[in-house]
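Work through the exercises below with the structure in view, and try each task before reading its solution.

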Amino acid sequence: MSKTIGKVARYWGPPLGLCGLLVVIAKLGASTPEFEPTTLTMLSTVVLVVGLFVFSGNSGVISFGHVGFVAIGAYTSALLTIPHLQKSFLLPDLPGWLAGASVDPALAALAGGVVCALVAALIGFPLMRLAGIAAGIATLAFLLIVNLVASNWTALTGGQGTLVVPLNETVNGMLVWAGAAIAIAWVFQRSRWGVRVHATRDEPVAASALGISPARERLRAFVLSAFITGIGGALYGHVLGAFSPGPEGSFYFQLTFILIAMLVIGGVRSLSGAVLGVIVVTALSELMRRINADLQQVGLAVAMLLVLIGRPAGLLGSKELGWPSWLLRRTPADQLDLTPKKEEELSREY
Amino acid sequence: MTTIIQNVIDAVSLGSLYALIALGVALVFSVMRLVNFAFGELIMVTGYTMLLTEHFPFAATVLIAIAVTTIVAVLMERTAFRPVRGADPTTLMITSFALSYLLQSLATWTSGPLAKGVEMPGFFTANISIGNVTFSALDLITIAVVATLVCALALLLTRSRYGLEMRAAAEDFKMARLLGVRPNRVIALAFAISGVLACFAGIALVANSGTTSPMIGLQAILVGFVASVVGGLGSVPGAAVGGMALGCVRTALLVTLPAGMRPYTDAFLYTLVVVVLLVRPNGLFPSKSQVARV
């Protein structure tokens, strides 16, 4: 019996630790009204970065296109939650069934996730055959296309204008969403599918030789990742309260850069790294903002460069948070070091 | 007939600008496997240098802009990219992403986020008429300058010792080092050349819009990035062809799409790009060093 408890505790250690950390930080942050918006933004960003991690972290393929899913999630939820009266003058050309739609915010967020998952399945089917830089370009093309459509499909998105959505998120509600995202990402990472997609990341040739199709494994991660990012996008939209498309808008390079920076600073290969990256970057930019608001972006960019130069694998590398080692009886599995050695073995070609 | 000629000139002019940008991206990639997002900010540096020197004689403005942009390009390599040299391409790409963001924020911090007007000599905006066909002088200047630059670059790469070293480094860096090619020198040279190319691209972009802004390089780097990947990353001639093709296809789409679809031109363009990548993941002319061997 105690063995089972030990097993369960060992398995759920990292996600529980991360959730605990988030609860403490969120409660501390929300205790002062001044910090409440920052706390809400941080928690919705946790969902976004965990979503990005599910694909990029597990498959090793960098995606510049996830902000496209953020936008799709945010617009889907906006269309389902903006009050009827407001919709009639913000978006007068909406088709009738959407104009009358008004659902619970949680359902709207889930709808955002589902729409993103469907889009991901559709575009991922061809795109996931690509890897490396070609995949980067293809996902970038997706971001550009989503942005163009959002800027020009006036009937559905209000075009270039700003869309005002209800501010209806609470810290407790956001904690539940962030916790759920972390739990889903963790279960996926430790599942058979997770291990298979890791195999295509670390040893693509060996994985193919064992009959693991990189395209299929990546597609699974991509669809799940889009689902989480879509939910995160819906939440993020409601935290912002108002957003607009376009190059200077809410869902373009600025956000893409920040999400990737968070993931990379924490450690691309670790779920704990993804969450920690959000916390560190949020704290850092909040601090910078207090010192000198103009320097916030400059400081963030310098911090990211320093991390990349000093620790190319991120703050945590591929480690996960967990129980302190003295609490756990060591098992044979612990003796095995499964972390890939790639980082240390940078080719010394140059 | 006259509209066809005008459209062809437009297409070639846009294509040569894209080819110029793609060459700048591809040259650096070929020697150190770095997709340099910060290339766009070299264009931005040109823009702001031109803004600061706009009252100088135009020749002086151009010379100063070339010097400043080249120096910034070499400094970029020295400070940000040398420490991560040899890391995997994704890490390199993200490093350049961070550097690009840093330079953009610095520009926003020092001179504000809005576009600023730059005074350009009158001959850029003139129109030249031959028979009943009217050409914009800017288009013709762009085509002529890019043609000259491409010829000069081709001569440098094929006829000089430095060019030979650079091509050797692009093909097999380790082997080139063993045969006495100095890595620091060849990489710095690639950055310097890409700085010169960025400067000319910057002048063309500023002449075209009459303004400079922190975001001026964004569109350019996207195009350069896409064109060099379509052409075949690592292949310098491929990048030129990719850029030209992208410019021509974009003009063709602009001309043929019905008015209602025109805002979506780039969406069609990028969809085509993805299709090309799906058929040929290594681009149209893959470089030998990029084809995976097991």
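**Exercise 1.** Decide whether Glu77(B) counts as buried or exposed, and do likewise for Arg85(B), its salt-bridge partner in this predicted model.

*Solution.* Begin with the cut-off, under which a residue is buried when its relative accessible area is under 20%. Glu77(B) has a relative accessibility of 1%, and therefore counts as buried. Arg85(B) has 10%, so this residue counts as buried too. Finally, turn to the pair itself, whose side chains meet in a salt bridge with an N to O distance of 2.6 Å.

**Exercise 2.** Find which helices of chain B are tied together by the salt bridge of Glu165(B) and Arg185(B), and classify both residues by accessibility.

*Solution.* The first step is the contact: the two side chains meet in a salt bridge at 3.1 Å, N to O. Next, place the residues, since Glu165(B) lies in helix H6 (residues 161-171) of chain B and Arg185(B) in helix H8 (residues 183-209) of chain B, so the pair ties together parts that are 20 residues apart in sequence. For the last step, exposed needs over 50% and buried under 20%, with partly exposed in between. Glu165(B), at 7% relative accessibility, is therefore buried, whereas Arg185(B), at 33%, is partly exposed.

**Exercise 3.** Describe the salt bridges of chain A that involve Arg201(A) and Arg196(A).

*Solution.* Arg201(A) and Asp202(A) join their side chains in a salt bridge of 2.9 Å, N to O, and both of these residues are buried. Arg196(A), for its part, belongs to a network of salt bridges that also links Glu217(A) and Arg220(A). Over all chains, the structure holds 11 salt bridges.

**Exercise 4.** Characterise the interface of chain B and chain A: what area is buried, and which residues and elements of chain B contribute?

*Solution.* Start with the extent, which is about 4200 Å² buried between the two chains, with 81% of it on carbon and sulfur atoms. Phe97(B), Tyr101(B) and Leu278(B) supply 17% of the area that chain B buries against chain A, more than any other three residues. Then look for charged and polar links: the rule finds zero salt bridges across this interface, while two residue pairs are in polar contact. Several helices of chain B give two or more residues to the side that touches chain A, including H1 (2-32), H3 (58-81) and H4 (89-111). H4(B) gives the most, with 14 residues. To finish, sort that side of chain B by class, which yields 38 nonpolar, seven polar and six charged residues.

Notes: Residues are numbered from 1 along each chain as its sequence is written. Chains are lettered from A and ligands numbered from 1 in the order in which they are written. This is a predicted model: local features need pLDDT of at least 70, side-chain atom pairs count only at pLDDT 80 or more; totals for chains, interfaces and linings use all residues. Side-chain values use heavy atoms; hydrogens and water are left out. Buried area is the accessible area (1.4 Å probe) that two parts lose on being put together, summed over both. A salt bridge is a side-chain nitrogen of Lys or Arg within 4 Å of a carboxyl oxygen of Asp or Glu. A polar contact is a pair of N or O atoms within 3.5 Å; within protein, one must be able to donate a hydrogen and the other to accept it, and residues adjacent in sequence count only if both atoms are side-chain atoms. Helices (H or I, at least four residues) and strands (E, at least two) are DSSP runs, numbered from the N terminus. Ala, Val, Leu, Ile, Met, Phe, Trp, Tyr, Cys and Pro count as nonpolar, Asp, Glu, Lys and Arg as charged, and the others, Gly among them, as polar. Buried means under 20% relative accessible area, exposed over 50%, partly exposed in between (1.4 Å probe, protein chains only).
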